[in-house]
Amino acid sequence: MSNTITTPAKRTTRRSPIYLHIAAWAVPAMVLGEFAMLAIVPVAVLVIGTLVDARVKPLRWWAGLLGVLYATPLAIWLLRDDGAQSLSKDMSPILGALIVAASVAFLIKVYTRRRR
């Protein structure tokens, strides 16, 4: 018999689900790529995902901030009579920059969360 001690393999568990990572990366890519109207899908995934999944409860405020920032130009675009044909063309560059900044802040928060 050998006296070697074997350590159990570490289980690498993701602290947050992969769909949140994908959605968080998709928001700035779509807004900067001028597909802002399609960005409603990853924004909705982030907001709903953080509300439903208990593992990412600390990220709810960040997802809520991103949702509100995205809803602002969307509401302006929908309520204006003389709006452009696409949300990307109608959105203020400042609002676009705020949405991208909030999604980057969300990504930073996702990757810098500590294990509990």
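**Exercise 1. Decide whether E34 is buried or exposed.**

Solution. E34 has a relative accessible area of 57%. Buried means under 20%, exposed over 50%, and partly exposed lies in between (1.4 Å probe, protein chains only). E34 is therefore exposed. Its place is the loop between helix 1 and helix 2. Its phi is near 60°, a positive value in a residue other than glycine.

This is a predicted model: local features need pLDDT of at least 70, side-chain atom pairs count only at pLDDT 80 or more, and totals for chains, interfaces and linings use all residues. Residues are numbered from 1 along each chain as its sequence is written, and side-chain values use heavy atoms, without hydrogens and water.

**Exercise 2. Check the span of helix 1 against its 15 residues.**

Solution. Helices are DSSP runs (H or I, at least four residues), numbered from the N terminus. The expected span is 1.5 Å times one less than the number of residues. For helix 1 that gives 21 Å. The end C-alpha atoms are 22 Å apart, which agrees.

**Exercise 3. Describe how helix 1 meets helix 2.**

Solution. Start with the axes, lines fitted to C-alpha atoms over the stretch in contact, with angles from 0 to 180 degrees between N-to-C directions. Those of helix 1 (residues 18–32) and helix 2 (residues 40–52) come within 8 Å and cross at roughly 145°. Next, list contacts (heavy atoms within 4.5 Å). Helix 1 residues including Y19, L20 and M30 meet helix 2 residues including P42, L46 and T50.

**Exercise 4. Find which helices the buried residues of helix 1 pack against.**

Solution. Among the buried residues are H21, P28 and V31. The buried set packs against helix 2, helix 3 (60–79) and helix 5 (93–112).
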